[in-house]
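Reader: I'm new to reading protein structures, and I'd like some help. Could you walk me through this one?

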Amino acid sequence: MIIRYNVQLQSYNSFRTKASARIFCEPRSAGELSEIIHTFPDERKLILGNGFNLFFTEDFDGLVIKPAIRGIRILSESDRFVEMEVGAAEDWDHFVAHCVDNGYAGIENLSLIPGSVGASPVQNIGAYGTEAMDVITKVKMVELQTGNYAAFSNEECGFGYRDSIFKRTGLYVITSVVFRLEKSFHYKEKYIDLSRELEGIPSPTLTQVRDAIIRIRTRKLPDYTLLPNAGSFFKNPVLRVEEKDQLQQKLPDAPIYNVGEGQFKTSAAFLIDKAGYKGKRRGMVGTYEHHSLIIVNYGTDNGREILDFMREVQHETQQQFGVMLEPEVRIY
Ligand code: EPU
């Protein structure tokens with residue numbers, strides 16, 4: 001395995017901010033990964049997927065590991081289900097396309113989400129009423145501190161909204177993910193925008209659903225190759241009943257979804273709009289004109305400018321509506 005020093009990370013994060021990694025490597029197997037951890041036991045470590053959900057504000061004085069473990073293989077198959085193990089470095093949307101082409105159902109709603117398969121459990125990616133946790137049965141990993149192999153069942157992953165044990169602890173490097181998908185498909189209405197896009201199609205096929213999602217996302221979300229961004233910048237806030245009541249006094253038309261256990265989700269994009277921040281720009285950073293939840297980079301390579309703009313949006317929504325927005329992207 002090649003170990004490189006002082007590597008520029010600008011092309012490894014979709015916000016295209018500059019930072020250098022003192023040490024950088026791309027292990028191609030769990031064995032190589034374990035080896036590199038044993039070679040540098042005392043270095044600070046950072047794990048990179050395809051870099052679609054993070055940006056850098058300063059150089060990283062340690063070891064950056066970008067797993068390059070590939071492969072899609074079927075572990076078991078019955079009349080109803082197929083179980084597949086997929087290498088962490090496989091492109092997520094590539095894997096979705098592969099499943100849709102083979103008639104395997106369960107992740108078609110997650111079409112066109114940028115990133116790697118290994119990142120899918122870390123933040124439990126989700127869209128249009130589906131989350132990665134719905135189809136993941138097992139995650140295989142190497143422990144960052146010891147280099148030992150480990151595997152977690154779905155329950156052990158501690159999944160939550162855009163959250164997991166991997167994100168909370170930062171202690172594991174995911175090497176592969178096992179998914180269980182269905183071999184038959186019947187479209188169920190889960191998300192109004194998607195059903196609207198599918199209007200007039202009586203029973204949509206997997207390919208029709210995937211195509212509809214690709215159309216919606218292409219309309220709403222900026223292309224990171226033209227306008228660098230990391231998708232949704234903030235999480236949708238989850239409020240307790242008192243917080244929800246307070247918000248409704250200030251913004252009676254705020255969308256509120258009851259997510260159970262006395263908790264209510266509202267829309268970060270809506271709050272940002274109402275705070276006057278849709279399409280707002282400060283220097284080289286701003287929110288996207290067609291979707292205020294997305295912060296876009298108009299031409300800086302300095303992550304601190306993104307950080308400053310993030311803080312401004314947080315401050316305004318907090319001041320105006322009493323809701324603190326938490327970033328969904330990771331900041332280094
Ligand atoms: N809205 C606004 N202004 C806007 C955009 C949206 O007020 O500029 C309001 C509308 O009321 C709209 C609601 O926000 O109905 C929800 O918007 P949307 O359906 O676009 O979903 P979202 O909550 O903004 C979430 C995910 C997306 C995912 C979509 C679709 C988070 C943080 N984001 O966005 O995920 O694609 O739902 O399911 O949960 C990502 O994580 O990077 C991502 C793109």
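Author: Sure, and let's begin with a word we'll need: the domain bounds used here come from an automatic or database domain assignment. Keep in mind, too, that this is a predicted model.

Reader: Okay, so where does the ligand lie relative to domain 2 and domain 3?

Author: The ligand lies between them, because domain 2 (72–220) and domain 3 (229–331) both give residues to the shell around the ligand.

Reader: Which residues come nearest to the ligand?

Author: There are 24 residues around the ligand, and the nearest are Tyr 128, Tyr 161, Tyr 191, Asp 273 and Glu 328. If you sort the shell by character, you get 9 nonpolar, 7 polar and 8 charged residues.

Reader: How do I read the polar contacts of the ligand?

Author: Look for N or O atoms within 3.5 Å of each other. Here, a polar side-chain atom of Glu 328 sits 2.8 Å from an oxygen atom of the ligand. The side chain of Arg 162 has an N or O atom 2.9 Å from a ligand oxygen. With Ser 292, it's a backbone N or O atom that lies 3.1 Å from an oxygen atom of the ligand.

Reader: And how much of the ligand's accessible area does the protein cover?

Author: On its own, the ligand has 830 Å² of accessible area, and the protein covers 81% of that. The elements giving two or more residues to the shell are β8 (126–127), α6 (206–220), β13 (229–232), α8 (268–274) and β19 (291–297).

Reader: Let's move on to salt bridges. What's the idea?

Author: Side chains of opposite charge can pair when their charged atoms come close. To count as a salt bridge, a side-chain nitrogen of Lys or Arg has to be within 4 Å of a carboxyl oxygen of Asp or Glu. By this rule, there are 23 salt bridges.

Reader: Which residue forms a salt bridge with Lys 18?

Author: That would be Asp 301, with the closest N and O atoms 3.6 Å apart. This pair links distant parts of the chain: Lys 18 is in the loop between β1 (3–8) and β2 (20–25), while Asp 301 is in the loop between β19 and α9 (303–321), 283 residues apart.

Reader: Is Lys 18 buried or exposed?

Author: Neither one: buried means under 20% relative accessible area and exposed means over 50%, with partly exposed in between. Lys 18 has 42% relative accessibility, so it counts as partly exposed. Asp 301 is partly exposed as well, at 34%.

Reader: What does the salt bridge between Arg 22 and Asp 61 tie together?

Author: The side chains of Arg 22 and Asp 61 meet at 2.5 Å, N to O. Arg 22 is in strand β2 and Asp 61 in strand β5 (residues 60–65), so the pair ties together parts that are 39 residues apart in sequence. Arg 22 is partly exposed at 30%, and Asp 61 is partly exposed at 47%.

Author: Here's another pair: Arg 240 forms a salt bridge with Glu 242, and their closest N and O atoms are 3.2 Å apart. Salt bridges can also share partners, and that's how Arg 22, Glu 43 and Asp 61 join into one network.

Reader: Can you show me a residue that counts as buried?

Author: Try Thr 266 in strand β16 (residues 263–266). Its relative accessibility is 1%, so Thr 266 counts as buried. A polar atom of the Thr 266 side chain lies 2.8 Å from the backbone oxygen of Pro 255.

Conventions. Residues are numbered from 1 along each chain as its sequence is written. This is a predicted model: local features need pLDDT of at least 70, side-chain atom pairs count only at pLDDT 80 or more; totals for chains, interfaces and linings use all residues. Side-chain values use heavy atoms; hydrogens and water are left out. A residue is near a molecule or strand if one of its heavy atoms lies within 4 Å of it. A polar contact is a pair of N or O atoms within 3.5 Å; within protein, one must be able to donate a hydrogen and the other to accept it, and residues adjacent in sequence count only if both atoms are side-chain atoms. Accessible areas come from the Shrake-Rupley method with a 1.4 Å probe; for residues, only the protein chains shown count as cover. Helices (H or I, at least four residues) and strands (E, at least two) are DSSP runs, numbered from the N terminus. Ala, Val, Leu, Ile, Met, Phe, Trp, Tyr, Cys and Pro count as nonpolar, Asp, Glu, Lys and Arg as charged, and the others, Gly among them, as polar. Buried means under 20% relative accessible area, exposed over 50%, partly exposed in between (1.4 Å probe, protein chains only).
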